[in-house]
Amino acid sequence: MPVVISLQGAVPADVAVGLSPLAELMACLHSIAEPEHHLAVRQWLERVRAELSTESQSLIAVYSPLWTRMRCRLLMPLEPPLGLTLEQELARLEALSLDDFVMGAAPSVHGGVFDTHGLLTDRAVREAYILSSERRSFSRGELARSLFQTPERTRSGLLELLRRCAAEFFDAEWARVRHRLENECTRVRARVQALPLPEALASLSPNATVGHNPPSVAYDKLQSLRADLRGRRCLLVPSAHTRPHLIVRDDPPYPLVVHFPVENTGRQSEQATLAQVRLRLSILSDPARLSLCRHLVNEPITTSDLAARTGMTLPQVSRHLGRLREAGLLTSRRDGRQIHHRLDTDCLMRLGVDVLTSIIR
């Protein structure tokens with residue numbers, strides 16, 4: 001179920017690249033709420049969770065529907081320009097009309113499929129929405145009820161929480177990651193100017209594919225969405241904390257937003273694509289290759305030694321080694337006239353994380 005962005009008629013001027021501390025704060029809150037999705041920052045999460053005040057932890061639980069299942073569009077840049085401070089972005093949120101705040105928050109509060117048309121004007125629709133939210137979870141139901149009964153208090157409580165988080169952990173974290181994100185913005189802007197737009201947007205994810213008729217980019221996600229960029233703005237916002245998720249939000253009248261992960265230095269080339277994960281799992285499912293792996297993991301070994309140990313013929317061993325090498329699971333080193341093979345244990349160790357990343361990406 002891909003997310004497809006049609007780029008027919010779009011031009012580089014339609015695409016803005018920049019920072020959003022508010023979107024980054026939401027990514028942090030998502031990882032705090034769902035730490036099992038974010039193994040790479042587990043130590044950071046444990047430290048932040050241990051240092052959060054009791055009141056902040058309580059408020060995070062109350063407002064968690066806004067950043068768990070479906071990220072709230074109001075906590076992303078509402079319009080250009082990008083690169084505002086957190087307080088400036090919070091001021092934009094505070095300046096919204098209450099109706100715009102309610103309608104912008106409602107889809108994320110519910111977190112599922114619900115037609116929000118008529119929420120503001122039809123009491124029956126509103127009651128059905130609250131009931132549907134309650135059926136999804138108690139916390140969603142409570143937040144849905146307060147969203148309509150006391151919208152101003154709900155917004156002020158959210159703003160209080162976000163400012164608390166800034167003081168307790170986010171200001172320091174933003175200072176740590178901002179330079180890396182600024183560098184990524186520079187690289188992405190250069191690609192937007194130098195490459196066709198589908199290729200530039202596809203470069204944001206290892207699991208993106210480019211379409212040509214019409215020009216488009218598709219991101220492999222557990223989400224079905226088709227968005228047309230013709231006559232609209234697209235905001236590309238890098239994140240140090242959203243990994244492994246790439247978030248695409250299309251909520252007119254706001255611009256389309258792509259909140260994409262930035263890897264730590266040196267990790268981008270190591271990140272397995274979905275095709276690589278499938279290939280590795282398929283190759284390792286063969287009993288004969290698993291038998292070879294038990295020998296390859298312990299020490300460097302030659303093809304002839306493997307054949308002697310396993311009872312396979314040399315051509316059989318060579319074919320299996322070729323498949324392991326094709327999947328990036330085998331390293332080979334020449335020593336004189338002999339070639340010694342060994343299982344790439346680092347790659348194998350990452351496979352579990354790569355599988356999880358591919359599932360939740």
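Here's a quick briefing on the nonpolar cores and salt bridges in this structure. Keep in mind that the model is predicted. Its largest nonpolar core takes in 85 residues, and a search of the whole structure turns up 14 salt bridges. Helix α8 shows up in both stories: it gives the largest share of that core, and it holds R164, which pairs with E55 in helix α3.

**Nonpolar cores**

- The largest nonpolar core counts 85 residues, and the ones with the most contacts inside it are I5, W67, F169, Y219, L236 and V258.
- Helix α8, spanning residues 151-194, chips in 14 residues, the largest share of this core.
- Leaving aside residues up to four places away in sequence, F169 touches L25, C28, I32, W44, V48 and L52.
- Apart from this core there's another one, made of 18 residues, with L292, V317, L324 and L351 among them.

**Salt bridges around R164**

- R164 forms a salt bridge with E55, with the closest N and O atoms 2.9 Å apart.
- That pair links distant parts of the chain, since R164 belongs to helix α8 and E55 to helix α3 (residues 54-63), 109 residues apart.
- R164 has a second partner in E168, where the closest N and O atoms are 3.7 Å apart.
- Here the two residues are 4 apart within helix α8, so about one helical turn separates R164 from E168.
- As for accessibility, R164 comes out at 23% and counts as partly exposed, because buried would mean under 20%.
- E55 is partly exposed too, with a relative accessible area of 42%, and E168 also counts as partly exposed, at 28%.
- Salt bridges that share partners pull E55, E160, R164 and E168 together into one network.

**A loop-to-loop salt bridge**

- D250 forms a salt bridge with R232, and the closest N and O atoms sit 2.6 Å apart.
- D250 is in the loop between β7 (247-249) and β8 (256-261), while R232 is in the loop between β5 (225-228) and β6 (234-239), so this pair ties together parts that are 18 residues apart in sequence.
- Why do such pairs form at all? Side chains of opposite charge can pair when their charged atoms come close.

Conventions. Residues are numbered from 1 along each chain as its sequence is written. This is a predicted model: local features need pLDDT of at least 70, side-chain atom pairs count only at pLDDT 80 or more; totals for chains, interfaces and linings use all residues. Side-chain values use heavy atoms; hydrogens and water are left out. A nonpolar core is a set of buried Ala, Val, Leu, Ile, Met, Phe, Trp, Tyr and Cys residues joined through side-chain atoms within 4.5 Å. Buried means under 20% relative accessible area, exposed over 50%, partly exposed in between (1.4 Å probe, protein chains only). Contact means heavy atoms within 4.5 Å. A salt bridge is a side-chain nitrogen of Lys or Arg within 4 Å of a carboxyl oxygen of Asp or Glu.
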